[in-house]
Amino acid sequence: MNNPKIGLVTVLYNSPDVLSDFFSSLALQNYNNYFLYVVDNSSSPEPIELAKKLSADFNIPTLFIDNHGVNVGVAAGNNQGAKAAYVHECDYIVFLNNDLIFEDPNILQRLVFEAETKKLDMVGPTILNYPEKKIWYCGGYFDEYKALAPHNNIDKEYNTSDYQEVHQHAYAPTCFLMVSRRLWEAVGEMDEKYFAYYDDTDFLFRAYKAGFIVNVISSLIIYHKVGASTGGDLSYFGMYHLTRNRLYFIRKNLKGFKRYIALSFVLLTRIYIVLMTSNTQKKAICKGLIDGLKMK
């Protein structure tokens with residue numbers, strides 16, 4: 001096997017408390033030909049200052065891209081890091097959140113091994129939520145009639161023996177996903193209009209339509225502190241962007257009967273939720289509906 005160079009791309013948005021686990025997880029890795037690209041969208045200097053300290057403490061080669069207090073969004077942040085990795089001639093780009101814990105020292109080595117030996121363009125691990133350690137992602141697909149990308153068996157107990165060692169799927173979130181340089185060239189950058197939420201759905205949907213498939217390794221397990229950076233899907237931020245971006249995804253990517261069904265489904269279900277939910281969520285959903293129908 002060759003010794004390909006990996007560019008690890010992570011976007012900071014406040015939440016400095018998660019960084020110690022993240023950097024210590026990277027320090028465990030026995031695959032050394034990687035470079036970390038830290039893109040800082042935080043509103044205060046604390047996260048990037050801590051990241052610089054931890055990077056030095058753990059001797060992790062890192063390029064810091066400081067947006068100086070401006071939150072340019074997850075999609076734009078990922079693009080900034082990925083473009084830097086591409087310019088530095090990385091063979092693979094790994095998009096990964098920094099609210100992760102990965103205790104296995106072979107994560108990067110196995111991802112590279114599977115990609116190189118089997119000529120795979122997208123490889124990722126099994127992702128369990130933390131601290132519950134139940135399934136968050138072990139495979140996913142696109143439901144075009146609802147404009148969703150559901151995760152299989154979410155919140156169920158995980159047993160490695162229930163799955164083939166490497167299994168294929170249409171969709172995976174970019175909270176930990178390795179893509180080849182070839183895929184990045186073919187699919188293009190993430191759509192920065194999403195800002196956050198559905199940016200990975202759009203990217204993976206375009207990859208899927210271009211003929212690329214996700215390969216999930218059952219025995220590689222990482223842990224995800226779900227919602228640590230955004231406040232969770234039920235926050236105003238989450239409800240607004242999920243509503244707005246889902247409509248934008250439909251109008252951008254779906255055609256014909258699927259587009260009509262998906263738009264109808266989202267509008268009807270959001271109206272129902274507005275009638276049944278709190279004032280804060282009502283405002284988020286209503287604004288998301290209006291803005292999502294305006295986006296081009």
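Visitor: How do you know that the end C-alpha atoms of helix 8 are as far apart as its 21 residues should span?

Guide: Keep in mind that this is a predicted model. At 1.5 Å a residue, helix 8 should span 30 Å, and its end C-alpha atoms sit 31 Å apart, so the two agree.

Visitor: What makes the buried residues of helix 8 line one face?

Guide: Those residues are Ala262, Leu263, Val266, Arg270 and Val274. Looking down the axis, you'd see them fall within an arc of 100 degrees, so they line one face of the helix. Their cover includes helix 7 (236-253) and helix 9 (279-294).

Visitor: And which exposed residues does the face turned away from the buried side carry?

Guide: That face of helix 8 has Phe257, Tyr260, Leu268, Tyr272, Leu275 and Met276.

Visitor: Why is Met276 called exposed?

Guide: Its relative accessible area is 58%, and exposed means over 50%, so Met276 qualifies. Together with Ile271, Tyr272 and Leu275, Met276 makes a nonpolar surface patch of about 490 Å².

Visitor: Over to the loops. Why is Lys133 called partly exposed?

Guide: Lys133 has a relative accessible area of 36%. Buried needs under 20% and exposed over 50%, so Lys133 falls in between. Lys133 lies in the loop between strand 6 and strand 7, and has a positive phi of about 60 degrees although it is not a glycine. Pro131 is found in the loop between strand 6 (122-129) and strand 7 (135-137), and a cis peptide bond joins Tyr130 to Pro131, with omega about 15 degrees.

Visitor: Is Phe195 buried or partly exposed?

Guide: Partly exposed: its relative accessible area is 22%, and buried means under 20%.

Terms used. Residues numbered from 1 in each chain as written. Predicted model: local features only at pLDDT ≥ 70, side-chain atom pairs only at ≥ 80, totals over all residues. Heavy atoms only, no water. Patch = residues over 30% accessible without salt bridge, like charges linked within 9 Å, V, L, I, M, F, W, Y side chains within 5 Å. Areas by Shrake-Rupley, 256 points an atom, 1.4 Å probe, with all protein chains shown as cover. Salt bridge = Lys/Arg side-chain N within 4 Å of Asp/Glu carboxyl O. Buried < 20%, exposed > 50% of the residue type's maximum accessible area, 1.4 Å probe, protein only. Helix = DSSP H or I, 4+ residues; strand = E, 2+ residues; numbered from the N terminus. Expected span 1.5 Å × (residues − 1). Arc of directions from axis to C-beta. Contact = heavy atoms within 4.5 Å.
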